[in-house]
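Open the model in your viewer and show it as a cartoon. The tour goes from selection to selection.

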Amino acid sequence: MRLNFFVNGEPVSLDTDPQRRLLDILREDLGLTGTKEGCSEGECGACTVLMDGEAVHSCLTLAAQLNGRHVETIEGLEKSGELDILQRAFVEEIAVQCGFCTPGMIMSAKALLLKNPNPTPEEIRTALSGNICRCSGYVQIVNAVSRAAREMGGEA
Ligand code: FES
Ligand code: FES
């Protein structure tokens, strides 16, 4: 099928099998390897990206669902070589250990802050409950999202 959608604000047009996963299109066709593959079945959150501002598992999202959609990946957050506030907060709060879960965590946090710019720690934990960190750095991750929310001053 012919697929026309947007990734990080840029139009993308390609011919692909409608059953291909968004995760594979991002990593293999577009070279956007920041999005990670963990469980491949919607359980770990490592592959989380935004689709029209909502967090989705790219391992469960098929090409057939993508026409006209706006997808945002971890690569879309950095602007002109500068990390965005969420990325910087993860570094400053030492919320990154091996880093495998980090892109998915940050994209889930981004989706939360778009809807709720001033989340409580409990709301952050709930929003990130589908993202598993094998390194167990959850306290620092929640602190990082709180810090980013404060620094954004209500604007995600
Ligand atoms: S790889 Fe998609 S949820 Fe784990
Ligand atoms: S930082 Fe290693 S899995 Fe989360």
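Select M51: opposite it, in strand 5, stands V71. Strands here are DSSP runs (E, at least two residues) and helices are DSSP runs (H or I, at least four residues), both numbered from the N terminus. This is a predicted model, where local features need pLDDT of at least 70 and side-chain atom pairs count only at pLDDT 80 or more, while totals for chains, interfaces and linings use all residues. Residues are numbered from 1 along each chain as its sequence is written, and side-chain values use heavy atoms, with hydrogens and water left out.

Now widen to strand 3 (48-51) and strand 5 (70-72). They pair in the antiparallel sense over 2 bridges; pairing requires at least two DSSP bridges between the strands.

Show the whole sheet. It is open, has 5 strands in the order 2-1-5-3-4, and its pairing is mixed. Strand 2 (10-15) and strand 4 (54-57) are at the edges with a single partner strand each, so one side of each lacks a neighbour in the sheet.

Next, select helix 1 (22-29). It lies across strands 1, 2, 3 and 5, at about 75 degrees to strand 1 (2-7). Angles run from 0 to 180 degrees between N-to-C directions of axes fitted to C-alpha atoms, for helices over the stretch in contact. Contact means heavy atoms within 4.5 Å.

Finish at V145. Beyond neighbours within four places in sequence, V145 is in contact with L86, F90, A109, L113, I124 and L128.

Definitions and conventions
Chains lettered and ligands numbered in written order.
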